[in-house]
Amino acid sequence: MPSEPLVLAFDTSAAHCAAALLAGERVLASRHEEMAKGQAERLMPMLEEVLAWAGTGWRDLAAIGVGVGPGNFTGVRIAVAAARGLALSLGIPAIGVSTLEARAHALPRPLTVIEDARRDAVYWQEFGTDGMGAPALDALADLPARIAAPGALTGSAAALASPRLPGARVLGPAMPMAEAIARIAAAQRGVPQPRPAPLYLRGADAAPPADPPPVILP
Amino acid sequence: MTKSLTFLGIESSCDDTAAAIVRADGGAAAILASVVAGQTELHADFGGVVPEIAARAHAEKLDLCVEEAMARADIGFGDLDGVAVTAGPGLIGGVMSGVMCAKGIAAGAGLPLVGVNHLAGHALTPRLTDGLEFPYLMLLVSGGHCQFLIVRGPESFTRLGGTIDDAPGEAFDKTAKLLGLPQPGGPAVEAEAGAGDAARFAFPRPLLDRPGCDMSFSGLKTALLRARDAVVAEHGGLPRGRRADLCAGFQAAIRDVLAEKSRRALVDYLACDPPHPAFAVAGGVAANRAIRGALEDVASRHGARFVAPPLALCTDNAAMIAWAGIERFRLGHRDGMDLWARPRWPLDQDAPALLGSGKKGAKA
């Protein structure tokens, strides 16, 4: 049983189910499975496998790290709801980590993370040497107007976007997503954090009804 | 005597996020806490529940509701014997968030997990509130459902009939919307109907001319829309008095259909010779006094005890889920961490589908 604080992180914000267990700086166990659906059934068994692999249990955890998106709405909620349930019953913090920040973790700056948001759009965020911009959702075609100096590019849509952002080279991730989430969560563990909440960036796509109510006469 | 069991229940299949603690001691049961966080205001601008908006709210309210229920009951996770959660049917985004939150709690607290059918929660409520004995006749009538069931056991249901299209609660909501009344439509339409003349407008009583217990309410909505448009065309708007008449006529039509179909369902149910005949209703529509009165009449004419749980336990809540979880748990049912959220999950697996078909199968 390692003496450093254990942080269990997981992410289902895209077509995968991923988990990593961190003890201090060391990754004790990790899993990453590609899957388009079925994350809700797979996530908890996977977490139990990761804990068992490292010879640890739920009660040994010091914190939970969870990917809050942006990404697949349902996928993000699967992980966030599980993290909030675990945090409540274990009495430990659950720390929400943006998947854009996780992608940028440990890569050289300046850097722009560009993630596929479907419908010819991307989620993106700039990371400078002294801070980061706000996460945003834009049409792929609008990126050149929005990003002045992208630096290097990374993320699932980096290669797709690079022809529109001349001079920008494309970097692969520094580490698997779940490990990055675990490391960011571990670093924030000492500071009080709000409960993890999904980072949607995109609205709920609901339209008010077209037919107005009748005029009511006395 | 059976062992005392304390369960946490979690419900998030429509637009209410709910958590409750129920303790069952032998035959008696007590609700230690029941928390329901509604979302009416979030959906108000859209004239109905928007699934994605509902799912977003559930994901961030579930653990807060559980925390509040635990605090109100003044117990810790160590005092629980299990976690029950609605695993369907319903809006899948909300159901999935509830199931995942429940899995997280069960795993972290080392508790057994029991997935519950939302409709079984409603159908078993009369046992929680009134200790009804099997078999009893149940009318589930809400914004999303309308069916007659013979409840034979915690996992044994025979569906005698149900709506082939809309649910009455949905028709009440739609009526309120068409008549410029607030949501939820049930109470608003009932209040207006009190001052109206049910005989001024002739509304259809769909499927009364056919044998059996199946119902249809979508034609009634269309009839209401036509009647409203005729009044608006005549008066250049909808006079308040006419609005009350429309509400009264509409409510009477729903009442008559439910009463006659209940009579037929009772005849079928009594044919199986239950030792303690009882007719129970659940769902938000059961709160309507005109409808409730008519159903009560039918029950008493056939010598069946009439049971309508208090409104807070008729509409969506988590106490019914905790209770249904206890009933399933007593039968030895446990779910794994791979518990599956099901958008469609009919209670009676043998009855032919009334709603939904094809590859995805029956809806409810």
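# A tour of chains A and B

Start with the contacts of chain A: of those between residues at least 6 apart in sequence, 59% join residues at least 24 apart. Keep in mind throughout that this is a predicted model.

**Stop 1: chain A as a whole**

Select chain A. Its C-alpha atoms fill a box of roughly 70 × 65 × 35 Å along the principal axes. Colour by secondary structure: 6 helices and 11 strands appear. Of the 218 residues, 52% are buried. Now switch on the surface. Chain A exposes about 9400 Å², and carbon and sulfur atoms supply 54% of that area. Next, show the charges of chain A. There are 18 positive and 20 negative ones, and their mean positions are 2 Å apart.

**Stop 2: the five-stranded sheet of chain A**

Hide the surface and pick out the open sheet of 5 strands in chain A. Read across it in the order S3-S2-S1-S4-S5; the pairing is mixed. Why do S3 and S5 of chain A each have a side without a neighbour in the sheet? Strand S3 (26–34) and strand S5 (94–97) stand at the edges with a single partner strand each, so one side of each is left open in the sheet. From one strand to the next, the twist averages 15°.

Zoom in on S4 of chain A, residues 61–67. S4(A) pairs with S5(A) in the parallel sense, over 4 bridges. To find one residue pair, select Gly67(A): its bridge partner in S5(A) is Val97(A).

Now add the helices. Helix H2 of chain A, residues 73–90, lies across S1 (6–11), S4 and S5 of chain A. H2(A) runs at about 165° to S4(A). Then select helix H6 of chain A, residues 177–188. H6(A) packs on the sheet and touches S1, S2 (16–23), S3, S4 and S5 of chain A. The direction of H6(A) makes about 135° with that of S1(A).

**Stop 3: strands S7 and S9 of chain A**

Select S9 of chain A, residues 136–139, and show side chains. Which residues of S9(A) point to the buried face? Ala136(A) and Asp138(A) do; Leu137(A) and Ala139(A) point to the other face and are not buried. Add S7 of chain A, residues 121–128. S7(A) and S9(A) pair in the antiparallel sense over 4 bridges. Trp124(A) has Ala136(A) as its bridge partner in S9(A).

**Stop 4: the five-stranded sheet of chain B**

Move to chain B. Select its open sheet of 5 strands, in the order S3-S2-S1-S4-S5 with mixed pairing. The edge strands are S3 (28–38) and S5 (113–117) of chain B, and each pairs on one side only. Neighbouring strands of this sheet are turned by 20° against each other on average, direction ignored.

Go to S1 of chain B, residues 5–11. How many of the residues of S1(B) are buried? The count is 7 of 7. Show their side chains. Leu5(B), Phe7(B), Gly9(B) and Glu11(B) point one way, while Thr6(B), Leu8(B) and Ile10(B) point the other.

Follow the pairing of S1(B) on both sides. S1(B) pairs with S2(B) in the antiparallel sense over 7 bridges. A hairpin of 4 residues joins S1(B) to S2(B). Leu5(B) has Ala24(B) as its bridge partner in S2(B). S1(B) also runs parallel to S4(B), with 4 bridges between them. There, Phe7(B) stands opposite Gly82(B).

Step on to S4 of chain B, residues 82–88, and S5(B). These two run parallel and are joined by 5 bridges. Select Gly88(B) to find its bridge partner in S5(B), Asn117(B).

Bring in the helices of this sheet. Helix H2 of chain B, residues 51–73, lies across S1, S2 (16–25) and S3 of chain B, at about 140° to S3(B). Helix H11 of chain B, residues 319–330, packs on the sheet and touches S1, S2, S3, S4 and S5 of chain B. The direction of H11(B) makes about 130° with that of S1(B).

**Stop 5: helix H5 of chain B**

Finish at helix H5 of chain B, residues 168–178. The buried residues of H5(B) are Pro168(B), Gly169(B), Ala171(B), Phe172(B), Thr175(B), Ala176(B) and Leu178(B). What covers them? The cover includes strands S6 (136–141) and S7 (146–153) of chain B. Helices H6 (185–193), H7 (218–235), H8 (240–270) and H9 (289–301) of chain B are also among the covering elements. Last, select Gly180(B), just after H5(B): its phi is positive, about 70°.

Key:
Residues are numbered from 1 along each chain as its sequence is written. Chains are lettered from A and ligands numbered from 1 in the order in which they are written. This is a predicted model: local features need pLDDT of at least 70, side-chain atom pairs count only at pLDDT 80 or more; totals for chains, interfaces and linings use all residues. Side-chain values use heavy atoms; hydrogens and water are left out. Buried means under 20% relative accessible area, exposed over 50%, partly exposed in between (1.4 Å probe, protein chains only). Contact means heavy atoms within 4.5 Å. Accessible areas come from the Shrake-Rupley method with a 1.4 Å probe; for residues, only the protein chains shown count as cover. Lys and Arg count as positive and Asp and Glu as negative; His and the chain ends are not counted. The place of a charge is taken as NZ of Lys, CZ of Arg, CG of Asp or CD of Glu. Two strands pair if DSSP finds at least two bridges between them. Axes are lines fitted to C-alpha atoms, for helices over the stretch in contact, and angles run from 0 to 180 degrees between N-to-C directions.
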